[in-house]
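Let's walk through this one as a quick back-and-forth. Here is what we're looking at.

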Amino acid sequence: MAKAKASKKNGQAKAERAAAEGEQAAREAIGRSGQSGELPSAVSREAPPASSEAVHKSMVSNKRANTKPELLVRKRLREAGLTGYRLQWKVPGRPDVAWPGKRIALFVNGCFWHRCPHCNLPLPKSNVEYWHIKFERNVERDERNLAALRDMGWRVHVIWECQLKKKVIDDTFADLLPVLAEELGKELKAAEVSKPELPA
Ligand SMILES: [Zn+2]
């Protein structure tokens, strides 16, 4: 059954893997939203309007907290001494991390749902039109939220999930932390590179 797939060329296979990861994310999100966990047909079937609207609402209102990327980001912030943040603060977009007093927001965006400009993940293969519209709405909503926050005098940062991969995460925070520290008026704590040997 996987014969056709096995013979795909590398580039194609890579794109398919990315699409599959995306669909996996979609399935997980739909599963979480209380829809049946019939996989993978839950995604590939045409989503009925009522139910997809329910899923949509649920996803917007109950934004998932404490995802792995968020935890990674918060760990780095703590290590750098940039604490005192609040989670899912009630301002437009419910930023994952926020310093409300300083009006600084940090969004940790999943590349699939928020359509990362770096990754350019392909659309899921089935129901292309449905996903196209859905993602367009997601992107527009993000833009509206960021604009609303900036209008309110907030400074906004966005970290993409792919910027947290092992190979690039140090670079990501090397860029971000000094900017954040400056905005927050805090001193960056030096990273604990290696522990010095204890004197005997
Ligand atoms: Zn990305």
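**Strands, core and a buried helix residue**

This is a predicted model, and a good place to start is β3, which is mostly covered, with five of its six residues buried.

Q: In what order do the four strands form the open sheet?
A: The protein has seven helices and four strands, running α-α-α-α-α-β-β-β-α-β-α from the N terminus. The four strands make an open sheet with mixed pairing, and their order in it is β1-β2-β3-β4.

Q: Which strands stand at the edges, each with a single partner strand?
A: Take the sheet order, β1-β2-β3-β4. A strand at the edge has a single partner, so one side of it is left without a neighbour in the sheet. That is the case for β1 (86-87) and β4 (155-160).

Q: Do β3 and β4 pair in the parallel or antiparallel sense?
A: In general, strands of a sheet pair through backbone hydrogen bonds, in one sense or the other. Here L106 stands opposite H157 in β4, and β3 (residues 104-109), helix α6 (residues 128-151) and β4 make a right-handed β-α-β unit. Over six bridges, the sense of the β3 and β4 pairing is parallel.

Q: What is the bridge partner of A98 in β3?
A: β2 and β3 pair in the antiparallel sense over three bridges. Their hairpin has four residues between the strands, and R103 takes a positive phi near 55° there. On the β3 side, the residue bridged to A98 is A105.

Q: Which strand gives the most to the largest nonpolar core?
A: That core has 13 residues, and V97, A98, I104, A105, L106 and V108 are those with the most contacts inside it. β2 (97-99) and β3 each supply at least two of its residues. With five residues, the top contributor is β3.

Q: Is V73 buried or exposed?
A: V73 sits in helix α5 (residues 68-79). A residue needs 20 or more other C-beta atoms within 10 Å to be called buried. V73 has 25 of them within that distance, so V73 is buried.

Q: Leaving out residues up to four places away in sequence, which residues does V73 touch?
A: V108 is a handy cross-check: P69, E70, V73, D96 and I159 are what V108 touches beyond four places in sequence. V73 also lies 8.8 Å, C-alpha to C-alpha, from F173, which is 100 residues away along the chain. With the same sequence neighbours left out, the residues V73 touches are V97, V108 and I159.

Q: How far does α5 reach from its first C-alpha to its last?
A: α5 has twelve residues, and at 1.5 Å a residue the expected span is 16 Å. Just after the helix, G81 takes a positive phi of about 80°. The reach in the model is close to the expected one, at 17 Å.

Q: How many contacts beyond four places in sequence does the model have for residues 1-13?
A: The protein averages a pLDDT of 78, and 63% of the residues score at least 70. Over residues 1-13 the pLDDT stays under 50, and the model's contacts there beyond four places in sequence number two.

Q: What is the count of contacts beyond near neighbours in sequence for residues 27-50?
A: This stretch has a pLDDT below 50 as well. Its contacts beyond near neighbours in sequence come to 29.

Technical notes: Residues are numbered from 1 along each chain as its sequence is written. This is a predicted model: local features need pLDDT of at least 70, side-chain atom pairs count only at pLDDT 80 or more; totals for chains, interfaces and linings use all residues. Two strands pair if DSSP finds at least two bridges between them. A residue is buried if 20 or more other C-beta atoms lie within 10 Å of its own, exposed if 12 or fewer, and partly exposed in between; C-beta atoms are placed from the backbone. Two residues are in contact if their C-beta atoms, placed from the backbone, lie within 7 Å. A nonpolar core is a set of buried Ala, Val, Leu, Ile, Met, Phe, Trp, Tyr and Cys residues joined through C-beta atoms within 7 Å. The expected span of a helix is 1.5 Å times one less than its number of residues. pLDDT is the predictor's confidence in each residue, from 0 to 100. A crossover is right-handed if, with the strands pointing away from the viewer, the path from the first strand over the helix to the second runs clockwise.
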